[in-house]
Amino acid sequence: MMAAADDPLFEYLLRLGDNDLILGHRLSEWCGHGPVLEEDIAISNIALDLIGQASLWLDLAAEVECGGRSSDELAYKRDVLDWRNTILAEQPNGDFAVTMTRQFLFDCHHHALLTALLESANTDVAAVAEKALKEVTYHRRHSGEWLIRLGDGTEESHGRAQTALDNLWVFTHELFEADGVDQAVVAAGTGVDPAHLKAAWDAMVNPVLAEATLQRPADGWSIRGGRQGVHSEHLGYILAEMQFLPRAYPDAVW
Amino acid sequence: MTEDWPLWEVFVRGRQGLSHKHVGSLHAPDAEMAVQNARDVYTRRREGESIWVVRSSDIVASDPNDKGSLFDPADAKVYRHPTFYIVPDEVEGL
């Protein structure tokens, strides 16, 4: 593939891959700590799906960059300011309601995004999107069914789900904001305009919130910046754990 | 939590399988989650094309104490096995 190091597609692919890798890592923290064995396996499966998708996106990014960095180097040798995931993806797991609410908000966006990327002019991007969409269709089903059960469950579970929704809502606006990188990949036909995903996201989120008897929070103050490298304090701790081994033992193999 | 959730028996039909086979059991709050849990627990390695779940309490089982009267009489009925026929060479798949 012919491309330059400053190709906006590189930056765009990092955003796609980083979201998957950071949320996948977050979910992997549940492994062995799930509320029940069945859910422990379900969450670990989703974590592995996301980490697998991250490796596909970062492989593509490495190819586009033509800079000699492999996907492993992109994953393990970038520091906080070079990460391009949304701030939603790096938020702590909290209780099970927080994890499932974060997952559902993310999954609906992920589903809309991958569906749109099926039309990418870049056939590699479209192919990864097609593979990932099957997995994400299940992720959304799983998190949505859980959110319905938590919201429409007991007083305790409803309260926790509503609190999680209220607290996480401020991170959702970032998912739909376009910057120069987005505009460039839209112009090239390889990426999608985040703002165009909002209608599809609303159409997935609203019915589930209604069935879950959860109140959709009002749009007010919001926070953004992850896609440009401005992160919450949580990302540094994730990277410290995730990157420790390859940084402490460079070129370690197993 | 699982003590509050009913037990479900899981049946999976493999890719070449003609019928669903019992593969195990799990806990789930309801049927939809039982199917999802079955998918996650029992088909991670592409074991299946189709899943059935059924509440364990809905299964009617024979009494182990009846084993003798139910099954032993078949022991003496070798003529029920199709082993006394000469199978023509042309017949495949038997």
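**Notes on the two-chain model**

1. Start with how two helices from the two chains meet: H2(A) and H1(B) are roughly perpendicular to each other. This is a predicted model, so read everything below with that in mind. Behind that description is a crossing angle of roughly 70° between the axes of H2(A) and helix H1 (residues 31-42) of chain B, which come within 9 Å. Their crossing is left-handed.

2. Who actually touches whom here? On the H2(A) side you'll find Glu38(A), Ile41(A), Ala42(A) and Asn45(A), and on the H1(B) side Gln36(B), Asn37(B), Asp40(B) and Val41(B). It's a mixed bunch, with three nonpolar, three polar and two charged residues in the contact of H2(A) with H1(B).

3. Now step back to the whole contact between the chains. How many residues does each chain put in? Chain A gives nine residues and chain B gives 13 residues. On the chain A side, helix H2 (37-65) and helix H6 (123-151) each supply at least two residues. H2(A) has the largest share of that side, with four residues. By class, the side of chain A that touches chain B splits into four nonpolar, two polar and three charged residues.

4. H6(A) is worth a look inside chain A as well. Helix H5 (residues 96-117) of chain A packs with H6(A) at an angle of about 150°, and their axes are 7 Å apart. The crossing of H5(A) and H6(A) is left-handed. As for the residues in this contact, 15 are nonpolar, nine are polar and two are charged.

5. On to the cores. A bit of background: in soluble globular proteins, nonpolar side chains tend to be buried together. In this model the largest nonpolar core has 64 residues, and Leu13(A), Trp57(A), Ala61(A), Leu147(A) and Ala161(A) are the ones with the most contacts inside it. H2(A) turns up again, since the largest share of this core, 12 residues, comes from that helix.

6. Pick out Ala61(A) if you want one residue to follow in the viewer. Which residues does Ala61(A) contact, once neighbours within four places in sequence are left aside? They are Phe10(A), Leu13(A), Leu14(A), Gly17(A) and Leu74(A). Of these, Leu13(A) is also on the list of residues with the most contacts inside the largest nonpolar core.

7. Finally, don't miss the second core. It is separate, has 11 residues, and includes Val10(B), Leu26(B), Met33(B) and Ile51(B).

Terms used
Residues are numbered from 1 along each chain as its sequence is written. Chains are lettered from A and ligands numbered from 1 in the order in which they are written. This is a predicted model: local features need pLDDT of at least 70, side-chain atom pairs count only at pLDDT 80 or more; totals for chains, interfaces and linings use all residues. Two residues are in contact if their C-beta atoms, placed from the backbone, lie within 7 Å. Ala, Val, Leu, Ile, Met, Phe, Trp, Tyr, Cys and Pro count as nonpolar, Asp, Glu, Lys and Arg as charged, and the others, Gly among them, as polar. Axes are lines fitted to C-alpha atoms, for helices over the stretch in contact, and angles run from 0 to 180 degrees between N-to-C directions. Angles under 35 degrees count as roughly parallel, over 145 as roughly antiparallel, 65 to 115 as roughly perpendicular and the rest as oblique. A crossing is left-handed if the near helix is turned anticlockwise from the far one by less than a right angle, and right-handed if clockwise. A nonpolar core is a set of buried Ala, Val, Leu, Ile, Met, Phe, Trp, Tyr and Cys residues joined through C-beta atoms within 7 Å. A residue is buried if 20 or more other C-beta atoms lie within 10 Å of its own, exposed if 12 or fewer, and partly exposed in between; C-beta atoms are placed from the backbone.
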